[in-house]
Amino acid sequence: MTRHSQSQIGLFSSDPWSARVRDLESALHDLGASVIRVIPWKVVRTGSTDRHRIVTGDKDLSELDLLLVLDLGATDIGAFFNRVGLLSALTEMGVEVVNSVYSILQMRNKAETMRKLVTAGLPVPETLITESIEDAAEFVKTHFPCVLKPITGFGGTGVQLIEQQFDITNIYDYLKFHSQVHGKGAFLLQDYIRSPGFDIRALVVEGEVIATMQRVGGQGIATNIHAGGVPQHNDIDVNDLAIAAAKSVRGRLVGVDIIPDLLGGLWVLEVNATPGWTGLQHVTDFDISKRIAETFYKP
Ligand SMILES: Nc1ncnc2c1ncn2[C@@H]1O[C@H](COP(=O)(O)OP(=O)(O)OP(=O)(O)O)[C@@H](O)[C@H]1O
Ligand SMILES: [Mg+2]
């Protein structure tokens with residue numbers, strides 16, 4: 001357990017209006033922590049022959065004890081490398097970064113998450129990752145209906161069910177279109193898990209499931225809250241599976257997506273490195289931000 005008396009905690013987020021940043025900031029303040037928001041474009045990194053510094057305003061970020069990464073953002077490659085670089089540098093300068101850069105990169109890449117889940121012996125739908133449109137088309141033909149999604153994405157964006165109304169003959173056109181808009185050159189195709197109409201999101205903090213919810217509805221098959229999914233109370237026990245999934249990518253503050261099939265089986269879809277908890281809070285009877293603050297900060 002992390003102990004940081006009088007410690008300085010940074011909240012890394014590219015969204016200045018994020019509710020979870022605001023709520024976590026006030027929860028940490030209430031516990032007596034000094035908190036600083038770290039907005040990537042307000043961070044200045046300088047280097048010269050004799051010195052290298054990372055500051056925001058007049059604050060030297062290498063003095064932080066803990067940096068919680070609440071959203072990395074960065075769909076542009078330049079910003080992505082800058083932000084990953086900042087977190088790697090601060091880690092080497094002694095700042096405890098949660099989640100670690102290593103695990104964030106594992107989770108931002110669904111192919112690597114899938115590999116880690118498989119290595120941990122966890123149930124994942126059969127998945128193909130390729131840059132070959134021919135191989136992708138072949139998977140669709142042999143695994144119809146199936147799900148096409150970006151190798152890195154969030155909120156259900158670009159998650160497409162390929163099923164009967166789909167004219168399989170022009171699958172190449174659709175794959176080309178999807179790749180240009182969402183996939184950015186890589187295809188991730190997966191067996192479609194027919195569910196009872198919902199999936200489950202589990203919030204795992206320091207190896208413990210602190211809250212779960214079922215997500216119903218949403219756009220197409222994506223039940224994400226971000227895609228209009230509605231949170232409802234969950235009574236299916238996914239704790240062991242969610243904890244093992246978090247552990248497989250060394251996640252310390254993560255959201256695990258698990259989908260039940262029609263035979264009572266459970267499948268892990270992915271592990272999110274920067275989970276939200278607004279939806280979860282609707283079906284949880286304690287303050288999640290306060291619980292996270294208490295987990296990472298002990299006065
Ligand atoms: N193989 C599948 N079978 C059935 N439903 C699926 C499958 N893959 C994804 N889904 C549905 O689409 C949603 C989004 O998929 P996934 O979690 O992989 O992508 P995401 O956009 O990264 O989401 P997040 O915002 O959680 O990072 C899932 O929550 C689930 O409802
Ligand atoms: Mg998801």
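Begin by colouring the protein chain of this predicted model according to its domain assignment, which gives domain 1 as residues 8-98, domain 2 as 106-123 + 194-285, and domain 3 as 128-149 + 156-191. If you then place a centroid on the C-alpha atoms of domain 1 and another on those of domain 3, the two centres stand 37 Å apart.

Next, select ligand 1 together with the residues around it. Because domain 2 (106-123 + 194-285) and domain 3 (128-149 + 156-191) both give residues to this shell, ligand 1 lies between them. The shell holds 25 residues, of which Gly155, Gly156, Asp199, Glu270 and Asn272 come nearest, and by class it is made up of nine nonpolar, eight polar and eight charged residues. Switch to a cartoon to see which strands take part: β9 (146-149), β11 (187-191), β12 (198-205), β15 and β16 each supply at least two residues of the shell, and the largest share, three residues, comes from β16.

With the ligand still on display, show the side chains of Lys110, Gln190 and Asn272. A polar side-chain atom of Lys110 sits 2.7 Å from an oxygen atom of ligand 1, while an N or O atom in the side chain of Gln190 is 3.1 Å from one of the ligand's nitrogen atoms. For Asn272, the distance from a polar side-chain atom to an oxygen atom of ligand 1 is 2.5 Å. A surface drawn on the ligand completes this view, since taken alone ligand 1 exposes 610 Å², and the protein buries 97% of that.

Now move to the magnesium ion, ligand 2, whose protein donors are Asp257 (OD) and Glu270 (OE), lying 1.9 Å from it. Following the chain between the two donors leads from strand β15 (residues 253-260), which holds Asp257, to strand β16 (residues 266-272), which holds Glu270, the pair being 13 residues apart. Are these two donors buried or exposed? Asp257 counts as buried because its relative accessibility is 3%, and Glu270, with a relative accessible area of 11%, is buried as well.

Select Gln214 next, in strand β13 (residues 208-217). Its relative accessibility is 4%, so Gln214 counts as buried, and its side chain makes a polar contact of 2.9 Å with the side chain of Asn234. From there, go on to Ile221, in the loop between β13 and β14 (229-232), where a relative accessible area of 28% makes this residue partly exposed. A distance drawn from the C-alpha atom of Ile221 to that of Gly153 reads 15 Å, the two residues being 68 apart along the chain.

The last stops concern the backbone. Val98 and Asn99 are joined by a cis peptide bond with omega of about -5°, and Asn99 belongs to the loop between β7 (96-98) and α3 (101-108). Another cis peptide bond joins Phe144 and Pro145, with omega of about -10°; Pro145 is in the loop between α5 (133-143) and β9.

Finish with two residues that have positive phi without being glycine. Glu206, whose phi is near 50°, is placed in the loop between β12 and β13 and is partly exposed, with a relative accessible area of 27%. Arg250 has a phi of about 55° and lies in the loop between α7 (239-248) and β15, where its relative accessibility of 53% makes Arg250 count as exposed.

Technical notes. Residues numbered from 1 in each chain as written. Chains lettered and ligands numbered in written order. Predicted model: local features only at pLDDT ≥ 70, side-chain atom pairs only at ≥ 80, totals over all residues. Heavy atoms only, no water. Donors = N, O, S within 2.8 Å, 3.2 Å for Na, K, Ca; no water. Helix = DSSP H or I, 4+ residues; strand = E, 2+ residues; numbered from the N terminus. Buried < 20%, exposed > 50% of the residue type's maximum accessible area, 1.4 Å probe, protein only. Near = heavy atom within 4 Å. Polar contact = N/O pair within 3.5 Å; in protein donor to acceptor, adjacent residues only side chain to side chain. Areas by Shrake-Rupley, 256 points an atom, 1.4 Å probe, with all protein chains shown as cover. Nonpolar A, V, L, I, M, F, W, Y, C, P; charged D, E, K, R; others polar. Domains from an automatic or database assignment.
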